[in-house]
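Here is a friendly walk through one model, meant for someone opening it for the first time. Take a look at it below, then read on.

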Amino acid sequence: MMKKDTASQFSPMTLLLHWVVGVTMVALLAMGVVMVQTENYGLFSWHKSFGVIIFFVVILRVIWRSKNGWPTPVSQYSHLEHITAKIIHWVLIVGTVLMPITGFLNSSVGGHGVVVFGVELVARNVDPNNPRSALAHSEALYSAAHVLHYAIGYIVIFAVLLHVVGALKHHIIDKDGTLKRMLGSKV
Ligand code: HEM
Ligand code: HEM
């Protein structure tokens, strides 16, 4: 049986999943924004490959979180702070599930295809009249997936910023063990 979290120490599985997903999410969010703004199409295949792979780790994490329960606060905080942290944890965990799904739909329904490190999962739908461009399977679904991937992406970016500010606030202002516990220390 895998070790579970206790109030004073997180299990290695919680730490591993938090940091693998956390670092990958930050990288994919930054990459998404940069590649779209600079129109760097070379980055798209990396973005899609890592985006699909992380989905499987995210699913493991959701299963682990549901078995293990949510972290208990290190000490007593105001009701508002507790509620805010809870909402942000939910936005983050749901966001990590929805981003790969909407991204996958965006690329597959849009006809651009999905290739994960050279393995073709969904073929490109080449436009017969213009072989250099792709044809969407459904314009309506494509634009829905596109808007969702974009909108949820920016919501998650905002939530990550608040989450990191919260972690630093605990560490620097409250001087409590919240951040240290997520770094593996016993508090
Ligand atoms: C990059 C800087 C980050 C720092 C310093 C950080 C720090 C922390 C800390 C200290 C906790 C424990 C909170 C508690 O004890 O109540 C926590 C929990 C959590 N963090 Fe982060 N985090 C970071 C990035 C992320 C990212 C990018 C995500 C997801 C997109 C994320 C999702 C979560 C979730 C869902 C929890 C709840 C506990 C769990 O599911 O493991 N974090 N984080
Ligand atoms: C955790 C996973 C993912 C995150 C955090 C993420 C994040 C982002 C962000 C922030 C953008 C920029 C949005 C914009 O300004 O339009 C973006 C764009 C994009 N993402 Fe993702 N993404 C993820 C997974 C995926 C996956 C799995 C695919 C496809 C298989 C994908 C395909 C795309 C595409 C094609 C764009 C360009 C949007 C467009 O112009 O159509 N993403 N992503």
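## Ground rules

Before we sort any residues, here is the scheme: Ala, Val, Leu, Ile, Met, Phe, Trp, Tyr, Cys and Pro count as nonpolar, Asp, Glu, Lys and Arg as charged, and the others, Gly among them, as polar. With that scheme, the shell around ligand 2 splits into 14 nonpolar, 8 polar and 1 charged.

What you see is a predicted model, where local features need pLDDT of at least 70 and side-chain atom pairs count only at pLDDT 80 or more, while totals for chains, interfaces and linings use all residues. Residues are numbered from 1 along each chain as its sequence is written, chains are lettered from A and ligands numbered from 1 in the order in which they are written, and side-chain values use heavy atoms, leaving out hydrogens and water.

## Around ligand 2

Let's stay with ligand 2. It has 23 residues around it, and the closest are Met25, His47, Gly103, His146 and His149; a residue counts as near if one of its heavy atoms lies within 4 Å. Three histidines make polar contacts here (pairs of N or O atoms within 3.5 Å; within protein, one must be able to donate a hydrogen and the other to accept it, and residues adjacent in sequence count only if both atoms are side-chain atoms). A polar side-chain atom of His47 sits 2.7 Å from a nitrogen atom of the ligand, and one of His149 sits 2.8 Å from a nitrogen atom. For His146, the partner is an oxygen atom of ligand 2, at 3.1 Å.

H1, H2, H3 and H4 are the elements giving two or more residues to this shell. Helices (H or I, at least four residues) and strands (E, at least two) are DSSP runs, numbered from the N terminus. The largest share, 7 residues, comes from H1.

## Around ligand 1

Now for the other ligand. Of the 22 residues around ligand 1, the nearest are His18, Arg61, Arg65, His163 and Arg181. Side-chain N or O atoms of Arg65 and Arg181 each lie 2.7 Å from an oxygen atom of the ligand, and for Arg61 the distance is 3.1 Å.

Helices H1 (12-37), H2 (42-68), H3 (79-109), H4 (139-174) and H5 (178-182) each supply at least two residues of the shell. H1 again gives the largest share, with 6 residues. By type, the shell holds 12 nonpolar, 7 polar and 3 charged residues.

## A closer look at H1

How far apart are the end C-alpha atoms of H1? They are 38 Å apart, which agrees with the 38 Å expected for its 26 residues at 1.5 Å a residue (the expected span is 1.5 Å times one less than the number of residues). Its buried residues include His18, Met25 and Met31, where buried means under 20% relative accessible area, exposed over 50%, and partly exposed in between (1.4 Å probe, protein chains only). H2, H3, H4 and H5 are among what covers the buried residues of H1.

Met31 counts as buried because its relative accessible area is 18%. Leaving out residues up to four places away in sequence, Met31 touches Leu43, Trp46 and His47; contact means heavy atoms within 4.5 Å. Met31 and His47 are 16 residues apart in sequence, with their C-alpha atoms 7.0 Å apart.

## Ser108 in H3

Buried or exposed: which is Ser108? At 9% relative accessibility, Ser108 is buried. This residue belongs to helix H3, and its side chain reaches the backbone oxygen of Phe104 at 2.6 Å.
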